[in-house]
Amino acid sequence: KRNSKRNWIANTVISDLINTVPAKRVLVVADSCYSGSLTSSSLARADQSLSDSDRLLWLRAMAQSKARIALTSGGLKPVADSGTSKHSLFAEAFIEVLQANQGILEGQRLYGLLYPQVILAAQSLNLQQQPRYAPIRHAGHESGEFFFLPRRPG
């Protein structure tokens, strides 16, 4: 509830919990108001003009480092809870990008695909909403990246 902090979860609690997770890569997807406060600085990105072999080298380097990243539906303001379907604007774009994925999809690229969709959908409702993709503050992020793979048929 907006007016009651009773059920809110502090970002420090989330960061502390993520710090204890032994996984190499952790991605928190937060579709909530003020979720952008989870994040700190920006991430290293692969140049979109990299050759296939250079992109593979970059992917291998990112896979070696610990990643603690948040993909949030907005910054430090309220976000739209609904969209044109049963999902929020952010969730609609997120699901659409994942369903269209055919290969290795870095989190930064996923973000780059959903960002304009969310911005335009929010503008059509006279709202401002800007998703974020950045390391989680104080959660042990090194320089890694999160990767999505398409689901295998069957």
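Before you click on anything, one term: a residue is buried under 20% relative accessible area, exposed over 50% and partly exposed in between, using a 1.4 Å probe and protein chains only. What you have open is a predicted model, in which local features need pLDDT of at least 70 and side-chain atom pairs count only at pLDDT 80 or more, while totals for chains, interfaces and linings use all residues. Residues are numbered from 1 along each chain as its sequence is written, and side-chain values use heavy atoms, with hydrogens and water left out.

**Stop 1: the whole chain**

Start with a cartoon view. You should find 4 helices and 5 strands; helices (H or I, at least four residues) and strands (E, at least two) are DSSP runs, numbered from the N terminus. Followed from the N terminus, the order is α-β-α-β-α-β-α-β-β. Of the 154 residues in the protein, 38% are buried. Switch on a surface and you are looking at about 9700 Å² of accessible area, 53% of it belonging to carbon and sulfur atoms; such areas come from the Shrake-Rupley method with a 1.4 Å probe, and for residues only the protein chains shown count as cover. Contact here means heavy atoms within 4.5 Å. Among contacts in the protein with a separation of 6 or more, 80% are between residues 24 or more positions apart.

**Stop 2: strand β2**

Select residues 67–72, which form β2; 6 of its 6 residues are buried. Which residues point which way? Ala-67, Ile-69 and Leu-71 face one way, and Arg-68, Ala-70 and Thr-72 the other.

Now add residues 25–30, strand β1, which runs parallel to β2 and is joined to it by 6 bridges. Two strands pair if DSSP finds at least two bridges between them. Look for Ala-30, which stands opposite Thr-72. Next add residues 132–135, strand β4: this one is antiparallel to β2, with 4 bridges between them. Thr-72 has a bridge partner here as well, namely Arg-132.

**Stop 3: the nonpolar cores**

A nonpolar core is a set of buried Ala, Val, Leu, Ile, Met, Phe, Trp, Tyr and Cys residues joined through side-chain atoms within 4.5 Å. Show Leu-27, Leu-71, Leu-110, Leu-114, Tyr-133 and Phe-148 as sticks: within the largest core, of 16 residues, these touch the most other members. At least two residues of this core come from each of β2, α3 (89–100) and α4. Centre on Leu-27 and, leaving aside neighbours within four places in sequence, you will find Ile-69, Ala-70, Leu-71, Tyr-133, Phe-146 and Phe-148 in contact with it. There is also a second, separate core of 7 residues, including Val-26, Ala-30, Leu-38 and Ala-70.

**Stop 4: around helix α4**

Ile-119 lies in helix α4. Is Ile-119 buried or exposed? Its relative accessible area is 16%, so Ile-119 is buried. Apart from neighbours within four places in sequence, Ile-119 contacts Gln-129, Gln-130 and Pro-131.

Measure some C-alpha distances from here. Phe-90, 29 residues away along the chain, is 9.2 Å from Ile-119. Leu-89, at 30 residues from Ile-119 along the chain, is separated from it by 9.0 Å. Leu-89 sits in helix α3 and is buried because its relative accessibility is 6%.

Then pick Val-79, in the loop between β2 and α3. With a relative accessible area of 8%, Val-79 is buried, and its C-alpha atom is 8.8 Å from that of Ala-122, 43 residues apart along the chain.

**Stop 5: two loop residues with positive phi**

Most residues other than glycine have a negative phi. Select Asn-126, which is not a glycine yet has a positive phi of about 60°. Where is Asn-126 found? Look in the loop between α4 (107–124) and β4. Asn-126 counts as exposed because its relative accessibility is 73%.

Move on to His-138, in the loop between β4 and β5 (147–148). Phi of His-138 is also positive, near 60°. At 66% relative accessibility, His-138 counts as exposed.

**Last stop: helix α1**

Finish at residues 11–19, helix α1, where Leu-17 lies. Leu-17 is exposed because its relative accessible area is 54%.
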